[in-house]
Amino acid sequence: MKDAFGIPQSLLVLGGTSEIALATARRLIARSTRTVWLAGRPSPSLEQSAADLRALGAEVRTVSFDALDPESHEAVLGKVFAEGDVDMVLLAFGILGDQARDEREPLNAVRVAQTNFTGAVSAALVSAGALQSQGHGSLVVLSSVAGERARRANFIYGSSKAGLDTFTQGLGDALHGTGVHVMVVRPGFVRSKMTASLEESPFATTPEAVATAIELGLRRRSETVWVPGTLRVVMSALRHAPRGLFRRLPI
């Protein structure tokens, strides 16, 4: 169960090598989290991530999980929940893709959509059902400000996150009153390995800053978290900007 401040005792990470997810796990372990499952494709990186968290004092297990194999999600995640209550599920997997290449090669664009949206819908529904069955828990979903409005530079990635964001909001409404807390996290540009080759955008943040915001959101039982918080106002203005003007903006 969560402690008096809303910090989970047990955590399931879907996307076990995500830098944001690992920063969040480290922060929660430093508070009171004692059991962590890292779910992802088997790899040396996944095992190293688990070892790093074990060094902080948590019991950490790895789980073979593939976002692109939704038919396996119920069985794979069901085994985790069968071992005991899970206080928090952090859905953190996703791929950025390559906009220019993906426009030329539609199958690559489809892979972005299947990973970021289809796979996430499957994993979120399975997790939500399990959390509802146990009567408590939080589902935290990493979205992105890119989903707020399609930009020429990344509309394939952005549209997949827009779908995920809308889905998660609806899921939160569906689960309201069940004891399950659903939270959407909308970071801006995050300095990480995934974005290392990209030009940094304004209001750039770090995995650690996102982790801090997630912890605060858990404590407050927030439904939506922006990182940094300033982006709430910025994106509201951009969302309502006339389309002709929006096209000319250097973003």
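Reader: In which sense do S4 and S5 pair, and over how many bridges?
Author: This is a predicted model. In it, Met88 stands opposite Ser138 in S5. S4 and S5 pair in the parallel sense, and the number of bridges is four.

Reader: Which residue in S4 is the bridge partner of Leu11?
Author: Look at strand S1, residues 10-14. Four bridges join S1 to S4, and the two run parallel. The bridge partner of Leu11 in S4 is Met88.

Reader: Are Met88, Val89, Leu90 and Leu91 buried or exposed?
Author: Their side chains point in two directions from S4. Met88 and Leu90 go one way, Val89 and Leu91 the other. On either side, the verdict is buried.

Reader: Which are the edge strands of the sheet?
Author: The sheet is open and has seven strands with parallel pairing. Their order is S3-S2-S1-S4-S5-S6-S7. An edge strand pairs on one side only, and that holds for S3 (59-64) and S7 (224-227).

Reader: What is the average twist from one strand to the next?
Author: The sheet in question is the open one of seven strands. From one strand to the next, its twist averages 15°.

Reader: What angle does the direction of helix H7 make with that of S6?
Author: Helix H7 covers residues 207-220 and packs on the sheet. It touches S4, S5, S6 and S7. With the direction of S6, its own makes about 150°.

Reader: How many residues apart in sequence are the parts that Arg26 and Glu208 tie together?
Author: The two side chains meet in a salt bridge, 3.5 Å from N to O. Arg26 is partly exposed at 37%, and Glu208 is partly exposed at 44%. Arg26 lies in helix H1 and Glu208 in helix H7, so the parts they tie together are apart in sequence by 182 residues.

Reader: Is Asp102 buried or exposed?
Author: Asp102 forms a salt bridge with Arg101, at 3.1 Å from N to O. Arg101 is partly exposed, with 32% relative accessibility. The cut-off for buried is under 20%. Asp102 has 2%, so it counts as buried.

Reader: Where do Glu148 and Arg186 lie?
Author: They form a salt bridge, with the closest N and O atoms 3.8 Å apart. Glu148 is buried at 18%, and Arg186 is buried at 7%. The pair ties together parts 38 residues apart in sequence: the loop between S5 and H6 for Glu148, and for Arg186, strand S6.

Reader: How many salt bridges does a search of the whole structure find?
Author: Some salt bridges form a network, linking Arg27, Arg31, Glu215 and Arg219. For the whole structure, the search finds 11.

Note on methods: Residues numbered from 1 in each chain as written. Predicted model: local features only at pLDDT ≥ 70, side-chain atom pairs only at ≥ 80, totals over all residues. Heavy atoms only, no water. Pairing = 2+ DSSP bridges. Axes fitted to C-alpha atoms, helices over the stretch in contact; angles between N-to-C directions. Contact = heavy atoms within 4.5 Å. Buried < 20%, exposed > 50% of the residue type's maximum accessible area, 1.4 Å probe, protein only. Salt bridge = Lys/Arg side-chain N within 4 Å of Asp/Glu carboxyl O.
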